[in-house]
2 protein chains.
Amino acid sequence: MSEAHVTGPATRLEAKALPRGPTEGPLTSEELQLSARNHSMPLEALRYDITPLGLHYLLIHFDIPIIELADWRLAIGGHVARPIELTLEAIRSRPSVTLPVTLECAGNGRSRLHPRPVSQPWVTEAVGTGLWTGTPLVGLLDEAGLDPDAVEIVFTGADHGLEKGLELDYARSLSIADARREEVLLAYAMNGQPLLPQHGYPLRLLVPGWYGMASVKWLTRIEAVTKPFDGYYQLGNYHYRSGPDDPGQPVRRIRPRALMVPPGFPDFLTRKRSVPAGPCRIEGRAWSGEAPIERVVLGVDGNWIEADLDAPQGPYAWRRWSCGWEAKPGEHILSCRATDASGQSQPLEQNWNWIGVGNNMVQVVPVTVR
Amino acid sequence: MSEAHVTGPATRLEAKALPRGPTEGPLTSEELQLSARNHSMPLEALRYDITPLGLHYLLIHFDIPIIELADWRLAIGGHVARPIELTLEAIRSRPSVTLPVTLECAGNGRSRLHPRPVSQPWVTEAVGTGLWTGTPLVGLLDEAGLDPDAVEIVFTGADHGLEKGLELDYARSLSIADARREEVLLAYAMNGQPLLPQHGYPLRLLVPGWYGMASVKWLTRIEAVTKPFDGYYQLGNYHYRSGPDDPGQPVRRIRPRALMVPPGFPDFLTRKRSVPAGPCRIEGRAWSGEAPIERVVLGVDGNWIEADLDAPQGPYAWRRWSCGWEAKPGEHILSCRATDASGQSQPLEQNWNWIGVGNNMVQVVPVTVR
């Protein structure tokens, strides 16, 4: 066996410095590496009411932790009257709720921003809808008995790593009012099966209507605190910031978005679509964490056509839409745009911010009709 | 609702021309788009004997087809005495075999090549091990009765699209001898569950020991032919070519490779590892489609240490290895290298070819010990 040191091309990739802020420069190998780890949902999976296992998007900040169920406990403590420690079995024996919930990564669409914030480089598919089963958090908070001076609940996961030089476990908080909402679950099953390791096995928080960062995975600790939580993922990240010195506003609920199943069939390399000429039906899904979806329009070369909406699946899941289109030979640009009951519509131009969050610009699908 | 046309930044991305061959240029948005669709296996999942659902790598040439089981049939025909059409139920009633099988994409490692072939830009994780259940193909070939002049069997899937201007269904062939090997299965289950849509539901070919391109998904047709198949994915792709004019040699069996679970914990953005000082145990998996794994060595700053091998799981699945290491503070480069019973070892430098296939250069993991 050769004693040679490994000096091959792989090590060359490590040498380049990362841009220190948003950039118009080329994609970095670090971004590609994140893209390889963090799965997005192939857009044809918009056909399903409930996203099949393995197609739901995944954003994993550090490594997927290996958790042995026999060793695992959920601790509920801090400013409570009666701290609790629970096995998964004990949590499963509590009242259970099953809900279809659409989750989307706050950074969805980031790679298409100009300039581009350097982080997980989502294209447009960081979304999925699971059928989640769990027990309402509020029941366990009541069992523990929150102290009157508690202002927030902090949720800590088992995933551990470095970010911006800080060594930390992933953790986020909710206000007492948000934590007590009836739809907030401690979820142990997805699509009728125990959570897969990558979705937070054995237990995760699920905050319907909010971007995915709120739904802490691999949950180990729930703590009532008397001061607002200042952890990195609460204050140092997940804010709408105009620049490096702007503290910004916190990212919370999912902004409205519609996506379509790209019609026809793709070219392998470019994913450019070919559509047979004639009548066809474009379909997709639309969702908003702010208010129910009220309207979707399909854009064809800049003309907007009213789409039909199917009945909602529930208050926290995407809603199917479809729209007839007479496809005429030539090049066309399709797009779709959702409006929710709060009156919010998707922007036609990028809604840029420093870290590339909440970017719900309309999807654009160029097609060639033959 | 505004009548404005969508002219946002998203459309700008479409404008750049793709490099026409391997490039030292920046990653393209087309490659990023492929990376977002085609999932790789996070390396910490090397801890599992069998890859959990949703973490196995995926390479989907076109779209995941939507197949209704009631409408689906497998047709076995061409140069056979008795053409057959089978429902999934009929296939499931045949003798069944369950095997752990490691699949790897032929293009694994492509993005790290210099110059870089422009296609699915795998980093190093396009692998997974499923527990596959199916019926041996040879039984059905015997039922159909191959004509004596048949030389190959062609397998066609339902996925449809364009590649290099050709409109086609994904299709590959095997020689009669390869198709008749007892381990070649028509698989309908993975990890004890019906195939997920993205893995070929309802039925796929499984060719243990070969790179993934041989294991045709969403199988619809099996045809005995009297001339070697010249389809695009047989002749126009998946060859070891030195340049654009070299027809090259076909890609078949998986070359030996070892990968490690990157030790310690990562930095979110760079994935650079931090390892606590002291004794630790590095673990990983090694596999080869050519011959059983015989040896794995762990490289620490260019010194190779013999790793321990666990008992094999079976002839077609990866084998666990582990190796003690006394981690001393400072920067270190870890690597690992497999050798199989045919005497093949992984190269220390890139084994470059025109389309970036069969690149089994050793993995390199820089770590900081604190």
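Leaving aside neighbours within four places in sequence, Ser119(B) is in contact with Phe268(A) and Leu269(A) of chain A, and with Glu31(B), Leu34(B) and Arg110(B) of chain B, where contact denotes heavy atoms within 4.5 Å. The model is predicted, so that local features need pLDDT of at least 70 and side-chain atom pairs count only at pLDDT 80 or more, whereas totals for chains, interfaces and linings use all residues. Residues are numbered from 1 along each chain as its sequence is written, chains are lettered from A and ligands numbered from 1 in the order in which they are written, and side-chain values use heavy atoms, with hydrogens and water left out.

Ser119(B) is located in the loop that joins strand S3 (97-104) to strand S4 (127-136) of chain B; helices (H or I, at least four residues) and strands (E, at least two) are DSSP runs numbered from the N terminus. With a relative accessible area of 16%, Ser119(B) is buried, a class that requires under 20% relative accessible area, as against over 50% for exposed and values in between for partly exposed (1.4 Å probe, protein chains only). The C-alpha atom of Ser119(B) is separated by 7.8 Å from that of Leu34(B), although the two residues are 85 residues apart along the chain.

In chain A, helix H2 (residues 29-37) is mostly covered, 8 of its 9 residues being buried; among them are Glu30(A), Leu34(A) and Arg37(A). The buried residues of H2(A) pack against helix H2 (29-37) of chain B.

Chain A as a whole comprises 6 helices and 22 strands, and 63% of its 370 residues count as buried. Its radius of gyration of 22 Å agrees with the value near 21 Å for a compact globule of 370 residues, the radius being taken over C-alpha atoms and the globule rule being 2.2 Å times the number of residues to the power 0.38. Along the principal axes, the C-alpha atoms of chain A fill a box of roughly 70 × 65 × 45 Å. Of the contacts in chain A with a separation of 6 or more, 73% are accounted for by residues 24 or more positions apart.

The largest nonpolar core, a set of buried Ala, Val, Leu, Ile, Met, Phe, Trp, Tyr and Cys residues joined through side-chain atoms within 4.5 Å, has 160 residues, of which Leu205(A), Ile222(A), Leu205(B) and Ile222(B) touch the most other members. Outside its neighbours within four places in sequence, Leu205(A) is in contact with residues including Leu137(A), Phe155(A), Leu174(A), Val184(A) and Leu219(A).
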